[in-house]
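Could you walk me through how to read a fold from its coordinates? Let's take it feature by feature.

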Amino acid sequence: VIPELPSGKTLKFYIYSTWGDAFYLGLNGIELYDQNGEQIIIENVKEQVKAKPSDINSLPEYGQDPRTVDKLFDGHYLTCDDLHVWLAPFTRGKEHTIEIDFKSTKTLSMIR
């Protein structure tokens with residue numbers, strides 16, 4: 001059974017596949033809405049949002065790539081601009097997650 005309005009302090013996404021790329025996964029953004037239809041704002045993205053793997057900079061040949069997980073909440077959701085997306089290495093069979101700590105209980109009505 002899927003709850004209609006789930007509540008909690010933590011939201012964790014498990015990513016099992018990509019849109020076809022064998023080595024990388026990426027997202028443009030995550031929008032979260034509460035029970036009143038209001039967007040949930042993540043106050044301190046660098047503290048409250050963690051990804052595994054964190055981003056492309058976890059690879060030895062990278063180090064200053066701007067495609068970090070904080071970009072998922074920078075307000076630029078419909079974009080192809082590398083300065084506003086997240087990119088991470090993908091290895092089939094390994095764990096790939098994005099975890100959001102809301103710091104207080106939130107009720108979700110929509111994820112986009």
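What follows is a short dialogue that goes from the whole chain down to single residues.

Q: Before we start, what kind of model is this, and how are residues numbered?
A: This is a predicted model, where local features need pLDDT of at least 70, side-chain atom pairs count only at pLDDT 80 or more, and totals for chains, interfaces and linings use all residues. Residues are numbered from 1 along each chain as its sequence is written, and side-chain values use heavy atoms, with hydrogens and water left out.

Q: How many helices and strands are there in the protein chain?
A: Elements are DSSP runs numbered from the N terminus: helices are H or I with at least four residues, strands are E with at least two. Here you get one helix and six strands, running β-β-β-α-β-β-β from the N terminus on. The radius of gyration is 14 Å, close to the 13 Å of the globule rule for 112 residues, so the chain is as compact as a globular protein of that length. That radius is taken over C-alpha atoms, and the rule is 2.2 Å times the number of residues to the power 0.38.

Q: What share of the contacts joins residues at least 24 apart?
A: A contact means heavy atoms within 4.5 Å. Among contacts between residues at least 6 apart in sequence, 76% join residues at least 24 apart.

Q: In what sense do strand 2 and strand 5 pair?
A: Two strands pair if DSSP finds at least two bridges between them. Strand 2 (residues 24-27) and strand 5 are antiparallel, over four bridges. In that pairing, Tyr24 sits opposite Pro89.

Q: And which way do the residues of strand 5 point?
A: Trp86 and Ala88 point one way, Leu87 and Pro89 the other, and all are buried. Buried means under 20% relative accessible area, exposed over 50%, and partly exposed in between (1.4 Å probe, protein chains only). Over the whole protein chain, 37% of the 112 residues count as buried.

Q: Is Thr79 buried or exposed?
A: Thr79 lies in the loop between strand 4 (49-52) and strand 5. Its relative accessible area is 15%, so Thr79 is buried. Neighbours within four places in sequence aside, Thr79 touches Asn28, His84 and Val85.

Q: Where is Glu95 found?
A: Glu95 is in the loop between strand 5 (86-89) and strand 6 (97-111). Glu95 counts as partly exposed because its relative accessibility is 40%. With neighbours within four places left aside, Glu95 contacts Tyr14, Lys52 and Pro53. Glu95 and Tyr16 are 79 residues apart in sequence, yet 7.8 Å apart in space, C-alpha to C-alpha.
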